[in-house]
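The following paragraphs lead the reader through a predicted model. They begin with a local detail and then widen to the protein as a whole.

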Amino acid sequence: MNMTLSEAGEEEEDETFEDKINRIIESRKLLANASYFAFTATPKNKTLEIFGIPYQVGDEVKHRPFHGYTMKQAIQEGFILDVLKYYTPVASYYRLAKTVEGDPKFDVKKTRK
């Protein structure tokens, strides 16, 4: 129905299959009152069996992902946040806090924050 009502849903005469897919995607309208989330994770065996590429190991058939999308790549592209960006190990924090108490160069509150 969205395709019929939208101008982006009109078909062209010399349209390729990819053009048709792009036209369908562009004609979809997102709901204004909905939130959209994406999650990345390591696929389960059942997911790999359905969507993965089968390969032979001896007389056993295993499956591997058809595409790899690393966490590093997702962080670089801004799809997920880097939870370790501001991570400070407890031992480092303790050494820093101990050093700051006796050193007048550092502001204790800012350093602990």
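In this predicted model, Pro-54 stands opposite His-63, a residue of β2. This pair belongs to an antiparallel arrangement in which strand β1, covering residues 53–57, is joined to strand β2, covering residues 60–64, by 5 bridges. Between the two strands lie 2 residues, and β1 and β2 thereby make up a hairpin. Within its turn, Gly-58 has a positive phi of about 65 degrees. As a general matter, side chains in a regular strand alternate between the two faces of the sheet.

Where does this hairpin fall in the order of elements along the sequence? The pattern reads α-α-α-β-β-α-α-α, with the two strands placed between three helices on one side and three on the other. In total, the protein contains 6 helices and 2 strands.

Attention may now turn to the side chains. The structure holds 1 salt bridge, formed by Glu-15 and Arg-23, whose closest N and O atoms are 2.8 Å apart. Is Arg-23 buried or exposed? Its relative accessible area is 6%, and Arg-23 counts as buried because this value is under 20%.

The protein as a whole can be described in similar terms. Of its 113 residues, 8% are buried. The exposed surface amounts to about 11,000 Å², of which carbon and sulfur atoms supply 57%. Among contacts with a separation of 6 or more, 8% involve residues 24 or more positions apart.

Technical notes. Residues numbered from 1 in each chain as written. Predicted model: local features only at pLDDT ≥ 70, side-chain atom pairs only at ≥ 80, totals over all residues. Heavy atoms only, no water. Helix = DSSP H or I, 4+ residues; strand = E, 2+ residues; numbered from the N terminus. Buried < 20%, exposed > 50% of the residue type's maximum accessible area, 1.4 Å probe, protein only. Contact = heavy atoms within 4.5 Å. Areas by Shrake-Rupley, 256 points an atom, 1.4 Å probe, with all protein chains shown as cover. Pairing = 2+ DSSP bridges. Salt bridge = Lys/Arg side-chain N within 4 Å of Asp/Glu carboxyl O.
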